[in-house]
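Student: Could you take me through one part of this structure slowly? I'd like to see how two helices sit against each other, and then how that spot fits into the whole chain.

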Amino acid sequence: MLLPGLRNFFTMAPLYREKDSNNLEMRCLICGGSKSNTSARQLSIKLPEDKKEPVLYNCYRASCPSNRNGRSGGILTPEVLTKQMRCMDAETSMELAKHNKGIKWIKNSKGIIREKKGYTTFNLNNQRNKSKLEYLNKRLGWSLQTSDLKKLKIQLSLYDFLQINNIKKVPFPPNVMDMIDRYCIGFISAFDDYIIFRDISPNNILGQRYITYRINEKNTHETKIYIHPGEIDLLSPEPATITVAEGIISLFGGIYNNDLNINTPNKVFAANCGSHFTHTISSICVQYGLTNIVLNILSDSEVKRRFYDKLYRQIKDDIDIQEMIVHYNRKREDFGHRQSYIQPKRLTISSNRLYL
Ligand SMILES: [Zn+2]
């Protein structure tokens, strides 16, 4: 049996019950559970079936400290076990540390589950912002208002962002700051490390299409990837779907294009923003505790099949990939366009799925 010490620790929890031998339920060890409903078991633990799987935990109470930033629970790390679940037995936490070390993709990313700083995006409905939004609406065939941008983590004005979040440090000279504020649209990266600014001026006045602006303290695990918020149910029997594009605008075009059929439940959307696919995919798997996925890539048209065959070989031993599909847009160089400019073509790299 795997992890006997950990299993034993959970059997001592209040209202402990086994749904089956690997799925445990109990009153939450992190938040203490609901005070009004003292018979509810909100904490679920999924113990691994083999050495390659992590231990997952999830508390259904929205007010539980394990539910933050839209992510509830995740991979059980020794830190969560000792600090949040207050397991005082050093041997049990060693046992878990050893188990997690045996899982290559947790080890590679050092099992770091990132916390966000929680910066606020803020978009005034002024003329400059409206004309920037018009660029996105026109390009993607959207009809968004400035008030819709928060959920997409879009920030139109740099100066408004710095002011509302009380950020004093500025990494660029004043004239560059002015140009970013005037000509760029910002997208907040997954864990608030960066704002990825896209220059939307007709002549590309900043000289490069993307400018990465560090907003967080320098951090060894920082990442530029952008994650579009979706819902993930870790304990769902269905694999989670991860959809990755190189750039954010391409990702948006893909998400809102219904023909792609990627808008399933249990999904995460991400853009590399200069990172490698392997980094993006493993960061998401660690962050959300995913071990079993369907992978969609929204490809730029110049990237050929052999690149994705290689990517599949690089990740398939660490993550169970039920299916990997690469989508190309026949009509344009990528998916960052309105629906009438998109005609998808699917390329199956690998599939274990049975279609009935
Ligand atoms: Zn809880």
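Tutor: Sure, here is a walk from the whole chain to one helix pair, and then on to two odd spots in loops. Keep in mind that this is a predicted model.

Let's set the scene. The protein chain has ten helices and 17 strands. Along the principal axes, its C-alpha atoms fill a box of roughly 65 × 50 × 35 Å. Is that a compact chain or not? For 356 residues, a compact globule would have a radius of gyration near 21 Å, and the protein chain has 22 Å, so the two agree. Buried residues account for 39% of the 356 residues. Now take the contacts between residues at least 6 apart in sequence: 63% of them join residues at least 24 apart.

Okay, now zoom in on the helix pair. In general, two packed helices are described by the angle between their axes and the distance between the axes. Here the partners are α9, residues 277-288, and α10, residues 305-315. They pack at an angle of about 40 degrees, and their axes are 10 Å apart. What do we call that arrangement? Angles under 35 degrees would count as roughly parallel, and 65 to 115 as roughly perpendicular, so α9 and α10 are oblique to each other. Their crossing is right-handed. Which residues make the contact? From α9 come Phe277, Thr278 and Ile281, while α10 brings Leu311, Gln314 and Ile315. Sort those residues by type and you get four nonpolar, two polar and no charged.

Now for the loops. As a rule, most residues other than glycine have a negative phi. Arg86 goes the other way: its phi is positive, about 55 degrees, although it is not a glycine. Find Arg86 in the loop between α2 (78-84) and α3 (90-101). Is Arg86 buried or exposed? A residue counts as exposed if 12 or fewer other C-beta atoms lie within 10 Å of its own. Arg86 has 9 of them within 10 Å, so it is exposed.

Asn204 is another residue to look at. Its phi is near 55 degrees, again a positive value in a residue other than glycine. Asn204 is found in the loop between two strands, β10 (194-199) and β11 (210-214). Because Asn204 has 11 C-beta neighbours inside 10 Å, it counts as exposed.

Terms used
Residues numbered from 1 in each chain as written. Predicted model: local features only at pLDDT ≥ 70, side-chain atom pairs only at ≥ 80, totals over all residues. Helix = DSSP H or I, 4+ residues; strand = E, 2+ residues; numbered from the N terminus. Buried ≥ 20, exposed ≤ 12 C-beta atoms within 10 Å, placed from the backbone. Rg over C-alpha atoms; globule rule 2.2 N^0.38 Å. Contact = placed C-beta atoms within 7 Å. Axes fitted to C-alpha atoms, helices over the stretch in contact; angles between N-to-C directions. Parallel < 35°, antiparallel > 145°, perpendicular 65-115°, else oblique. Left-handed = near helix turned anticlockwise from the far one by under 90°. Nonpolar A, V, L, I, M, F, W, Y, C, P; charged D, E, K, R; others polar.
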